[in-house]
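User: Could you take a close look at one part of this model for me? I'd like to hear about the all-helical chain's core, and how far the prediction can be trusted there.

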Amino acid sequence: MTCTEALTLLDAYMDGELGVERSLEVERHVETCPSCAPALASRRSLGAALRNKIEYHTAPLALQRAVRNELSRAETSGPGAAAIRHAPPAWTRMAASLILVAGLSSALTYYGTQNGRDAVPDEVFASYVRGVQSGDRLVDVVSTDRHTVKPWLDAKLDFAAPVKDLSSDGFPLFGGRVDYIDDHTAAALVYHSGKHVITLFIWPSDGHASPIAMSARRGDTLARWSDGTMAYWAISDIAAPELMEFSKRFQAADAMPDAPPAKP
Amino acid sequence: MSALVTALAQRAPSDSKRARFEREMLPHLDAAYNLARWILKGSDDAQDVTQEAMLRAFRYFDGFHGENAKAWLLKIVRNSCYSWTKDRPRTETMSSDEEGSLNPEHETALEAAGHGFPAPDARLIEEADRRVLNEAMQALPTEFREILVLREFEELSYHQISDIAQIPIGTVMSRLSRARALLLRRLSGNIVQRRGEMR
């Protein structure tokens, strides 16, 4: 093998892209050639230097969130929603929820227009469905006692979400997670009502207080209100009177303290 | 934990399109962003382009049939990068400014250089620091830079690279060879120059 041939094949040899026979030929040549050996050595050093020293740009958190948001939107409004209609029978209820979301556009447009923020309801629904759909995404922090959820959320959010203990009202707090809705973070509190789950989304409102407004479609119920500081969206598959009851109890209950009691 | 929540938690991940996409493609989000950053020369637009590419990939996901997920995704990312730059006034970002890249005259000169001069000392290359390496990479023509990223960072095969960059395998081989030769020459030049300055 000549130097010209060897140099032509050097990269493929180094990258393990040559057949056994050709590899052996290159190897034999390089071992004995005083000009091709350094060429191979410098190329190997270059590869190592690039892999070890150069910047590998990992996706920023904002991008990760934006991608998940886009996926939710595409899933609930695009052809993805149609694919979910073929969900297995065990998924009937979830599939129904997804179809509900896909078919809810008129109701959502109503809310969106009223709110002046069209994107919000879609995202709330997508987040709700996503949470209920996958057990592991339902909550990121489990409420083992009444003091775990609030500090966890406070650490993750740029606002203080009121977390309330409604266990004496028949709605024990199961846990919470953080979602990304309408370009900012939102708290999602998950309460139980018997065997059902209520997801309550909370994020800072635009300052207008509004009373509880109920809506129900095909078995899923929504309650929406604002206290002027925070906007609340409760979504569940329980009946409307029960969700209304939950919403009233939540409004009436005292929030847990912002900070855990200081240790002596 | 209520019965419902227990049931939800025990259920296998949904096989909805989204769940499959998250499982197959989201682990390669870093690779997608990294490639976009290198193709777009560190531009802030890399985030937007990556986001758009991920959405595009989700739309096309029905056409993914279990081949290499990373290679499949990176092909879409690369296309998104190039169509993004096509939609804008042509800037320095994508120009094959130096070395003339695919200009045959320069190729001949380059090959002559590769054979005519001794290869830079491997120890010299080991000295190269992060900044020097980044600068040398940024200065490469885009078609050389992207192929180095695919090979050195993502460790994709020539076959996969040929599919992503839509060029024959032989071209992958020669382009990679030239990319490394250019980078080596530039690096050794920079390092020797810096040494001289320090003295």
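Analyst: Before anything else, a word on the confidence score: pLDDT is the predictor's own confidence in each residue, on a scale from 0 to 100. You'll want that in hand, as this is a predicted model. For chain B the mean pLDDT is 78, and 70% of its residues reach 70 or more. The spread along the chain is worth a look: helix 1 (residues 3-10) of chain B has the lowest confidence, at a mean of 45, while helix 3 (residues 29-39) of chain B has the highest, at 94. Two stretches drop under 50. Residues 1-13 of chain B are below 50, and this stretch has 20 contacts in the model beyond near neighbours in sequence. Residues 89-110 of chain B are also below 50, with 24 such contacts. For the model as a whole, the scores are ipTM 0.76 and pTM 0.54.

Now the chain itself. Chain B has 11 helices and 0 strands, so to speak a plain run of α elements from one end of the sequence to the other. Of its 199 residues, 42% count as buried. Among contacts in chain B with a separation of 6 or more, 72% are between residues 24 or more positions apart.

On to the core. The largest nonpolar core has 70 residues, and those with the most contacts inside it are A32(B), L35(B), A36(B) and V77(B). The element that gives the most to this core is helix 11 (residues 169-198) of chain B, with 9 residues. A36(B) is a good place to look around: leaving aside residues up to four places away in sequence, it touches A46(B), V49(B), T50(B), V77(B) and C81(B).

A53(B) gives a second view of the same neighbourhood. A53(B) lies in helix 4 (residues 45-60) of chain B. Why does A53(B) count as buried? Because 26 other C-beta atoms lie within 10 Å of its own, and 20 or more is the cut-off for buried. With residues up to four places away set aside, A53(B) touches A32(B), I76(B), V77(B) and S80(B). V77(B) is thus a contact of A53(B) and also of A36(B). A53(B) and R78(B) are 25 residues apart along the chain, yet their C-alpha atoms are separated by 8.5 Å.

Helix 2 (residues 17-24) of chain B shows how burial can be laid out on a helix: K17(B), R18(B) and F21(B) are buried. Looking down the axis, the buried residues of helix 2 of chain B fall within an arc of 95°, so they line one face of the helix. That fits the usual geometry: an α-helix has 3.6 residues a turn, so residues three or four places apart point the same way.

For contrast, have a look at chain A. A second, separate core of 35 residues includes L153(A), A188(A), W233(A) and I238(A). A188(A) is also the bridge partner of R177(A), in strand 3 of chain A. Strand 3 (residues 184-193) of chain A pairs with strand 2 of chain A in the antiparallel sense over 8 bridges. Strand 2 (residues 173-181) of chain A has 7 of its 9 residues buried, so it is largely enclosed by the rest of the structure. Strand 2 of chain A also pairs with strand 1 (residues 141-142) of chain A, again antiparallel, over 2 bridges, and there G175(A) is the bridge partner of V142(A).

Technical notes. Residues are numbered from 1 along each chain as its sequence is written. Chains are lettered from A and ligands numbered from 1 in the order in which they are written. This is a predicted model: local features need pLDDT of at least 70, side-chain atom pairs count only at pLDDT 80 or more; totals for chains, interfaces and linings use all residues. A residue is buried if 20 or more other C-beta atoms lie within 10 Å of its own, exposed if 12 or fewer, and partly exposed in between; C-beta atoms are placed from the backbone. Helices (H or I, at least four residues) and strands (E, at least two) are DSSP runs, numbered from the N terminus. The arc is that of the directions from the helix axis to the C-beta atoms. A nonpolar core is a set of buried Ala, Val, Leu, Ile, Met, Phe, Trp, Tyr and Cys residues joined through C-beta atoms within 7 Å. Two residues are in contact if their C-beta atoms, placed from the backbone, lie within 7 Å. Two strands pair if DSSP finds at least two bridges between them.
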